[in-house]
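Subject: Structure for you to look at

Dear colleague,

I am passing on the structure we talked about, and I would be glad if you could open it before reading the rest of this message. My notes come after it.

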Amino acid sequence: MPLTRRFLGWDRPVLELVAEQLLAEASQPVLDLSHLMVVVPTRNAGRRLREMLAHLTARDNRAICPPRVVPPEFLLSLISPSDTGGIASPQEALLGWSAVLGSISFDDFPALFPVPPATRDFRWALSSAKSLNELRSTLGEAGLSIADACRSLSGNLEEEARWEDLARLEERLVQTLAAFGKGDLLTLRQSNLHSPTFPPGITGIRLTACPDPVPLALQVLQGLNEVVPVEVWIHAPESMSDCFDGWGRPVPEVWLQRRIDFPLEEAPVHVLAGPDGQAALAGEAILRCEEPSATVTVGVLDEEVTGPLRRLLERGGRPPFDPAGSSLRSEGVLHLLRIFRDLLAEESYGSFAELLRCPDFDAHLTRTLTRWDGPSAVWHLDRTHRRHLFPDLSAARRCFAGREDQSSIELVGALDEAGQLLAKLRQAPRATSLLDVLRHLLSPRLGSAAPRIGRIYQTVSEALQPLVEAIEGPLGACLDLTEIEIFDLLLTFLEQEKLYEERLPGSVEFLGWLELHWDEAPQLIVTGFNEGFVPESITGDVYLPESLRKRLAERSPFSTNESRLARDAYLFEAIHQCRRAQGRVDLCLGRHSRDGNPLRPSRLLFLCPDEQLAHRVKSLFHDAPPPRNDLPWTPGFQLQPFPGDPPKFEPVQLSITAFKTYLNSPFHFYLTQVENMEPFDAGLREMDGSTFGNFCHEVLRRFGSDPEVRDSSDASVIKAYLLRQAMELAHLWFGPHPTLPIRMQLQGALARLARAAEVQAETRAEGWVIIETELNLKEPGFHISDILIKGRIDRIDRHETKGTLRVLDYKTADQGEKPEKAHLSKVTKRTNTAWLPDYACFQRDTSILRWKDLQLPLYRLGLAEKYGNDIECGYFNLPKSPADTGVFTWPGLGTDEVEAALTCAKGIIHDLRAGRFWPARLPKYTDSFARLHLGLPEKTIAFDNLIPPTLPHEIPAE
């Protein structure tokens, strides 16, 4: 029977018009619509329609038997077998493709594989299988197989041989599935297309406002129309009947030429800098409404807007709701699974360090080990790795085995537990073992008090079961997958899973473009109205470029970029027309993405009458304001160093290096000395500057402590001793097989030590004798302002004839430095002195100098009681260039400089007790905490409480 079209008009929202039209057809006295099947574009549209019907009937105190409301995809189930046991699941289909690709000879498919892949492994097969599966799925939406498309376009294909290879590959897939007792879903749907299963009790079907249904669903409706009448309801006036085909789809030839009259006064367009600006505009509009769920709807077309908008609404007490759900891709459980995958591939230290930081594994260790202090153990692991740089778990286990401290015992337990889980994952049957391990790790979270966490882990648990069944089935057994390949499969499917939120009362919905048409809110705020987000288009498809899609569309219903543009142009006009009498539509578009990439306005904005075009272009592409008018960047929130009043800092002791830290960055001092924070590089693969220096220091300490060799003036003897000690220490620290980067660094250390041996022989020949090494200043009891000063002096020399003492500090920086330059810098007109306290500066002759470090002057002060004041101070430099190795003293370090250093130290202690820990960084200071404050501490840190009231709050920008 012929299709019947009904035009609903578009002076009001489609949701209201469809609901009222359905109620008008209902029988009396009970509004019975159970005999109708209503096809709506999406599941969310179906939910909204059922809610609207319930609302309208409850308003009139009526009862209703609702219709059966379904999306177009439901119609495909009418041509699918009810018993799905014999049909290949999506997981089995992907395994089937992988099996086919792993068994073929590339010589049999020369057009498809003109150049064989460099590596033919399961990861390649899986990646290729995903691409072929997507191709078949896209064609299947139009009821076509690859072979159908090849036959349909025979003689009209640029790469016909390639498509013939694809068709033969598809045939092998169907044969492979059949060999394992599995039917192909597309083949069975094609065979059932003309005899769909008729839904019982249905006497009428309404296809309501579906501008772009799945083409295969329309073929099913065509068959059903022979049994029951199908009406097509179109959200448009009847005068536009020529603009739609028989199924209510916009006709591309008409809509691509149509001009949409929407003055900017009715549909204001807001051109904003980026995602944050769009989120701010939409969020502020919502928060101003008393009942936003009934009056305002937000369309989010650009995913980058979702995050800032969600945070803004949550802070304002308006819970957001995204009916489309969110991807599991970025959830912590997938991060945990990726770590296990990497550990199975290679038991590296980096993966284990990440594993310990996962809350799920930390909770697992808390349950299984006798004692587990996660933060303390991780800190101990990081500190130990910084020195020993063990590359894998076996080296880490050797390092911690036998140690008696609690953290090492706990880490051995964690290593053993990780090893047991990995061993279990490698057991056969591997898929079942994998499921058992994951359930063991994740099951405690299923009953979590946090609903979102429970939903995440429930979704993962449910998604794992069909995959395990497929792997343990005949197809999986045929492939004989390794545990790593199983993980790759698992991650492939889990990354496609969606997590759906619970819709809270009064929540604000985030709708996609296709959902906006079925929303009845008077005001729409559409964000991300840029080209690429709307109209939806597909570019760069390897198998189905636009030219090929157009040729397929000439022979069968098939979606193209032109048909999508026509659909989006219709939707654009429809959402405006239904709000012209009452309501408004605000369009927000960004100039650039979060990464700074430029964005273009949607082409839909230019489908306007010719007389409006010039004004439209001018309003959307006006010149950017000059930089001085741009608002400065501001963070969404500021870091709070501590709540309330600043903590009291009454140090009992301070290290000499702490004074240097404070002089360069009081805030860095606060983080390291008060909060005990320290930067950590989880990806460290070689010695950092500190570890390299400690290595050389330890070798030189051994030399200075050995009376049999330290008095030698023979460079060859000293060199042999230093190199032997260095190799012994390297074996102790890094094991018998250090990594290549460490071996290269050791070669550099040996070269520096060899040159140091020559310098040491020269100094001994000059009469200098080592009398002390690694002298701890705590032993003499050196105090400043009642605070014990800690420090470890590398070596003290005495001249055997003059009796002069000399304090030397080993320096292993790549570039050697003179002691005075390292401690002092001249204050010039260009120096920003606003932050400098008086105690940090002193005058010498006509110059003003400021302290950068107090190390050597304080060493001299600390040794005065034991050795007197006649002490030279300097550096023993071991730089990268051997030619620059040598002893450099500070001849200008006299009584005045030492007194000025003491004054500076007392001033620092006074400020510490007063609670001054600002500014965050000073000029030319490399801040290892820069990632914490994004390099803009004045903007990102709430620093008021870091400056005591008696000190100025205004800290100038650097």
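What follows describes the protein as a whole and then turns to one residue in it.

Please keep in mind that this is a predicted model. The protein has 958 residues, of which 51% are buried, and its secondary structure is made up of 37 helices together with 26 strands. Along the principal axes, the C-alpha trace spans about 120 × 65 × 55 Å, while the accessible surface comes to about 44800 Å², with 51% of that area belonging to carbon and sulfur atoms. If you take the contacts between residues at least 6 apart in sequence, 77% of them join residues that are at least 24 apart. As for charge, the protein carries 104 positive and 131 negative charges, and the mean positions of these two groups are 3 Å apart.

The residue I looked at is Ser712, which you will find in the loop between α30 (707-710) and α31 (715-734). Is Ser712 buried or exposed? Its relative accessibility is 17%, and because buried means under 20%, Ser712 counts as buried. Leaving aside residues up to four places away in sequence, Ser712 touches Val717, Ile718 and Arg764. There is also a link to a residue close by in the sequence, since a polar atom of the Ser712 side chain lies 3.1 Å from the backbone nitrogen of Asp714.

With best wishes

Terms used. Residues numbered from 1 in each chain as written. Predicted model: local features only at pLDDT ≥ 70, side-chain atom pairs only at ≥ 80, totals over all residues. Heavy atoms only, no water. Helix = DSSP H or I, 4+ residues; strand = E, 2+ residues; numbered from the N terminus. Buried < 20%, exposed > 50% of the residue type's maximum accessible area, 1.4 Å probe, protein only. Polar contact = N/O pair within 3.5 Å; in protein donor to acceptor, adjacent residues only side chain to side chain. Contact = heavy atoms within 4.5 Å. Areas by Shrake-Rupley, 256 points an atom, 1.4 Å probe, with all protein chains shown as cover. Lys, Arg positive; Asp, Glu negative; His and termini not counted. Charge placed at Lys NZ, Arg CZ, Asp CG, Glu CD.
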